[in-house]
Structure formats: C-alpha cells, structure tokens
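Q: I'd like to learn how to read charged pairs in a model. Could you walk me through some?

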Amino acid sequence: MKTPYILITGSSSGIGREMAIYLSKVNHIILHGRDYERLQNVKSQCDINFDHKIWVQDLNEINDIERSLSQFILKENIEISGYVHCAGYMKMVPLKMSTAQILTSTLNTNIISASLITKILINNKFNPSALKSVVYLSSNLSNMGAKGMSSYGASKGAVDTLMRCLAVELAPKVRVNSILPGAIPTEMTQAIFENEEVRIRMAETYPLGIGEALDICYMAEFLLSNKSKWITGQQFTVDGGRSINISG
C-alpha cells in the first residue's frame, strides 16, 4: 500500500509555507513551488517524523503542469489524498493600468493550474482513487469588491465557481471546498500592510483584528480531515468578521 501525501501548492512562502509546516506535524507533505532552495528551507522546518517531498513547477507554465505532476507521482510511487491550493498571484493595479500579462499570470496561477492539478489527482492512471479532499484558497474578494483588485478578485470568484462545480462532479469520492481569508500579513500582501494609514484603517474594520496564517491552517486541517466528511461545495470565510461588519 502506498503512503498518502498532502500536496500544498505555494509552499515556499506566505500561507502555503505555514500550511506545510503546520500540517507536516501529522502528515506526509509534498511541498510545491518554483524555487528548490526555498522549498528545501521550508522542508527543514517540517516535522522530521514524516517524509516530505518537493515538487518544483512554475504554475504560470500551464502547458507543463499535467506532465510534470503525473511524472512526479509515478516517479515517487506515492498517493495524494489531499490537495490544498495555496499558490497565488496578486497584482494590485487599476483597470486602466492592467495588461494582458497581469491577467494571464493571475488566472494561470490562481485558477487554471488549480483545475489542471485536480484533473491529474483524480486520474486513476496516476493517483487511483486516492484523492479524498481538495481545499482551494480563495479570498473574501470573491464575494466583495475593492479598487485595483479586479484581476485578483475575478480569479478568486472563478476559484469558488470551480469549487462548487467540482464538488458536484467529483462526489461522493472527493470533497471540494474553499477558504476565503481576509487580511493576513504575508509576502504577497506586504505592500498593503507597509502603508501605515491603510493598515490602521483595515484593522479598524476587522472585529477580531487582523488574522494570521495559522487561522487558515486550522480550517484547512478540518476540511482535509474525516471530521468534515459531510461537507462539500462550501465557501468558508475566515476573515475575523470583516465581511459582516457594515459599521466601518
């Protein structure tokens, strides 16, 4: 019997890095990213009592994803039972300054790669009946709006539509859900939080304050576990109450 692994895209930084380190305490992890050395650094922080592997792939190179992942699975002779799509690309830019390159990179990383990876993981030739749970990291922008965030918000809206459709299509074998984080300081959001005025204003609109990566890890852990065996097709907003606060 093959050893089951959890695949976490975007493991070299941000929420993905914290997700890999946290889930490694009780799981074999496949760390994914573009930079092997950075992934090795994250792997060194993972629990040594479990086996962890590294898959290097640029998710913007969408024509190579299926071949790369399928060969990796066969070469390592493993099964992937859980998949968390943490990889993300965000470029904060007003529409008048947007470009085809920004739109393409955003969609490739945030939505198209997620679909192609899931496609391989349900393929019995590569991962026979192993996949049990998929968790896509979306954003509270999926249901809201913000200036300069049209590309990113649109891609996250697409992520949630993909999630709902696959939850129906892949049931009952695979559960598919999404997590919609609010403001969390990471490398990707660094520019936003470096603006003191913006940071203070944002903090005031979050009833529970600004979150941290572990808040998202806890929800992903639940959705990957058998404790969520009757949950699929759902958006889980984890944003400290921001989305229900109409007073700010």
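A: Sure. Keep in mind that this is a predicted model. Start with Glu-66 and Lys-119, which form a salt bridge whose closest N and O atoms are 3.0 Å apart. This pair links distant parts of the chain, with Glu-66 in helix 3 and Lys-119 in helix 4, 53 residues apart.

Q: What is the general idea behind such pairs, and how many salt bridges does a search of the whole structure find?

A: Side chains of opposite charge can pair when their charged atoms come close. Here, the search turns up five salt bridges.

Q: Are Glu-66 and Lys-119 buried, partly exposed or exposed?

A: The label depends on relative accessible area: under 20% is buried, over 50% is exposed, and partly exposed is in between. Glu-66 comes out at 25%, so it counts as partly exposed. Lys-119 has 47%, so it is partly exposed as well.

Q: Which residues are joined into one network by salt bridges that share partners?

A: Asp-51, Lys-53 and Glu-76 are the ones joined that way. Take it one link at a time. Asp-51 and Lys-53 meet through their side chains, at 3.3 Å from N to O. Lys-53 also has a salt bridge with Glu-76, where the closest N and O atoms are 3.2 Å apart.

Q: Where do Lys-53 and Glu-76 lie in the fold?

A: Lys-53 is in strand 3, which covers residues 52-56, while Glu-76 belongs to helix 3, residues 65-76. The pair therefore ties together parts that are 23 residues apart in sequence.

Q: How do I read burial for Asp-51, Lys-53 and Glu-76?

A: Use the cut-offs again. Lys-53 has a relative accessibility of 17%, so it counts as buried. Asp-51, at 34%, is partly exposed, and Glu-76 is partly exposed too, with 28%.

Q: Now for a residue outside the charged pairs. Is Thr-106 buried or exposed?

A: Thr-106 is buried, because its relative accessible area is 2%, and the cut-off for buried is under 20%. This threonine lies in helix 4.

Q: Which residues does Thr-106 touch, not counting those up to four places away in sequence?

A: Leaving those neighbours out, Thr-106 touches Tyr-89, Ile-111, Ser-151, Tyr-152 and Ser-155.

Conventions
Residues are numbered from 1 along each chain as its sequence is written. This is a predicted model: local features need pLDDT of at least 70, side-chain atom pairs count only at pLDDT 80 or more; totals for chains, interfaces and linings use all residues. Side-chain values use heavy atoms; hydrogens and water are left out. A salt bridge is a side-chain nitrogen of Lys or Arg within 4 Å of a carboxyl oxygen of Asp or Glu. Buried means under 20% relative accessible area, exposed over 50%, partly exposed in between (1.4 Å probe, protein chains only). Helices (H or I, at least four residues) and strands (E, at least two) are DSSP runs, numbered from the N terminus. Contact means heavy atoms within 4.5 Å.
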